[in-house]
Amino acid sequence: MKGMTVIVKKTTQLIAGIVFLYGIYIILHGHLTPGGGFAGGVIVAGSFILLILAYGSDFLNLVKEERGSTTYENLAILVFLFLALTGMVAGVGIFFANWLPHGTPGELVSAGFLPLYNIFVGIEVAASILTIFLALIIFKEEVLK
Amino acid sequence: MTVYWLCFILFLVGLYGVITRRNLIKIAISLSVMEFSCFLFLALIGYTEGGAAPIVDTADPVKIYVDPLPQAMVLTAIVIGLATTAMLMAVIIRIYRKYGTFDIREINNLRG
Amino acid sequence: MELAISVIVIFMILGAIYAIHASDILSAVIAGGIVGYSLVICFLLLKAPDLAIVQIVVETITLIIMVAVVLDSSRKEAYGKFDTQAWVTAATAVVILAILFWFLKEASAPLAPFGENTMRMADAYVNGAVDKTGSVNLVTGVLFDFRGYDTLGEATVLVTAVLGVLTILRIRGRK
């Protein structure tokens with residue numbers, strides 16, 4: 001697909017990185033402030049969608065990106081399941097047991113497994129939404145060809 | 001109590017759209033309206049008068065908080081809603097490519 | 001509080017009615033956006049900042065996808081003449097709506113008034129939750145610790161939806 005005008009491209013260049021960083025911040029502070037994996041994941045996917053819409057991309061690159069995002073999505077949910085299973089093995093034998101030390105509530109590294117869950121759910125949501133968007137664009141390109 | 005009734009009327013408006021409209025995109029919009037009214041109802045149920053947002057300040061703990069359970073349920077439901085809406089749009093665009101129209105009655109006549 | 005939310009919900013109802021009856025599909029999609037963005041304000045008034053953040057981003061991406069689909073195809077509303085089948089559909093809709101309204105009257109009797117939540121379920125999730133989970137944000141604590149199964153199921157549904165989209169939109173096999 002084609003990109004947009006030079007004004008849009010320049011603005012996107014300035015904004016997209018900040019949007020991406022904001023999404024990462026929302027994911028990492030999910031156990032301290034409003035937000036978390038779901039909100040941050042959608043914001044991260046939004047920064048990628050912004051870049052694709054503004055700059056455009058050719059067909060082969062889109063297919064390659066779609067393959068990458070599908071891989072990340074499946075890996076993230078597998079790691080999420082694995083982290084939940086570690087409670088069965090190492091903890092007290094409970095699925096989703098939070099057996100890491102909790103630390104001081106209110107600090108960035110605290111709450112045991114919750115930040116890790118947040119990170120992997122964030123990757124999963126971001127990759128899923130990016131995959132859906134890329135699939136729609138690839139369908140349009142294939143029809144136009 | 002008024003706000004519960006208004007919320008349910010919003011649900012009924014969405015249901016009316018699903019039953020009577022003939023355009024597939026309008027049916028998708030009506031479905032998301034029904035979805036939004038469900039989210040709003042769950043959030044309304046969890047509200048407590050004078051409650052704080054469910055984030056604990058360890059230095060100065062408040063006694064009353066808003067119920068966090070419906071909020072956690074709605075949080076997951078919103079993201080699922082996005083995925084299902086996208087899947088609905090995928091089905092709709094595929095139907096449009098095959099039949100060339102969004103009108104469900106015309107698609108029914110063209111079948112076979 | 002109840003008055004403010006009622007006014008916003010009335011706006012949402014008006015937006016939904018316009019979205020259903022608009023003659024141009026693109027304006028119907030935008031009017032559907034009214035409902036979604038008003039929901040963000042309702043969530044903020046109901047002290048749910050997590051939901052407000054998610055909803056505002058999700059609504060934006062939904063609008064992008066819907067506008068892309070509409071611009072890619074036809075903007076014409078399928079108006080036909082109001083024939084027998086349309087009358088039957090409208091009558092069915094009115095009957096179903098009346099029955100559901102009666103159900104609401106029955107079901108709303110034992111409901112607590114607005115703002116008087118009994119917290120019957122959530123008491124265990126609020127009292128002492130910071131010691132149990134270590135998370136200051138109670139919603140994250142419920143989401144990933146007390147109700148982790150729900151979140152796992154949600155992630156599975158998301159993966160399934162993506163697989164469905166990929167299957168539906170595939171024209172020829174991709175290597």
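How many residue pairs are in polar contact across the interface of chain A and chain C? In this predicted model, the rule finds 6 such pairs, both residues of each being at pLDDT 80 or more, and the views below begin with that interface.

**View 1. The interface of chain A and chain C, with its polar contacts and buried area.** Besides the 6 residue pairs in polar contact, the rule finds 0 salt bridges across the interface of chain A and chain C. Chain A contributes 48 residues to the contact and chain C contributes 40 residues, and between them the two chains bury about 3800 Å², of which 73% lies on carbon and sulfur atoms. On the side of chain A, the residues that lose the most area to chain C are A:F38, A:F96 and A:E142, which together account for 15% of what that side buries.

**View 2. The side of chain A that touches chain C, by element and by residue class.** Three elements of chain A, namely α2 (37-55), α3 (59-89) and α4, give two or more residues each to this side, and the largest share, 18 residues, comes from α4(A). Sorted by class, the side of chain A that touches chain C holds 28 nonpolar, 14 polar and 6 charged residues.

**View 3. The largest nonpolar core and the surroundings of B:L44.** This core has 114 residues, among which A:Y117, B:I25, B:L40, B:L44 and C:F43 touch the most other members. Helix α4 of chain A, spanning residues 114-144, gives the most to this core, with 15 residues. When neighbours within four places in sequence are left aside, B:L44 is in contact with B:V3, B:Y4 and B:C7 of chain B, and also with C:I5, C:L46 and C:F114 of chain C. A second, separate core is made up of 8 residues, including B:V56, C:V126, C:A129 and C:V136. In soluble globular proteins, nonpolar side chains tend to be buried together.

**View 4. B:R105, a buried arginine in helix α4 of chain B.** B:R105 is found in helix α4 of chain B, which covers residues 104-110. The relative accessibility of B:R105 is 17%, and because buried means under 20%, this arginine counts as buried. Not counting residues up to four places away in sequence, B:R105 touches B:R22 within chain B, together with C:D83, C:Q85 and C:A86 of chain C. Although B:R105 and B:R22 lie 83 residues apart along the chain, their C-alpha atoms are separated by 6.9 Å.

Conventions. Residues are numbered from 1 along each chain as its sequence is written. Chains are lettered from A and ligands numbered from 1 in the order in which they are written. This is a predicted model: local features need pLDDT of at least 70, side-chain atom pairs count only at pLDDT 80 or more; totals for chains, interfaces and linings use all residues. Side-chain values use heavy atoms; hydrogens and water are left out. A nonpolar core is a set of buried Ala, Val, Leu, Ile, Met, Phe, Trp, Tyr and Cys residues joined through side-chain atoms within 4.5 Å. Buried means under 20% relative accessible area, exposed over 50%, partly exposed in between (1.4 Å probe, protein chains only). Helices (H or I, at least four residues) and strands (E, at least two) are DSSP runs, numbered from the N terminus. Contact means heavy atoms within 4.5 Å. Buried area is the accessible area (1.4 Å probe) that two parts lose on being put together, summed over both. A salt bridge is a side-chain nitrogen of Lys or Arg within 4 Å of a carboxyl oxygen of Asp or Glu. A polar contact is a pair of N or O atoms within 3.5 Å; within protein, one must be able to donate a hydrogen and the other to accept it, and residues adjacent in sequence count only if both atoms are side-chain atoms. Ala, Val, Leu, Ile, Met, Phe, Trp, Tyr, Cys and Pro count as nonpolar, Asp, Glu, Lys and Arg as charged, and the others, Gly among them, as polar.
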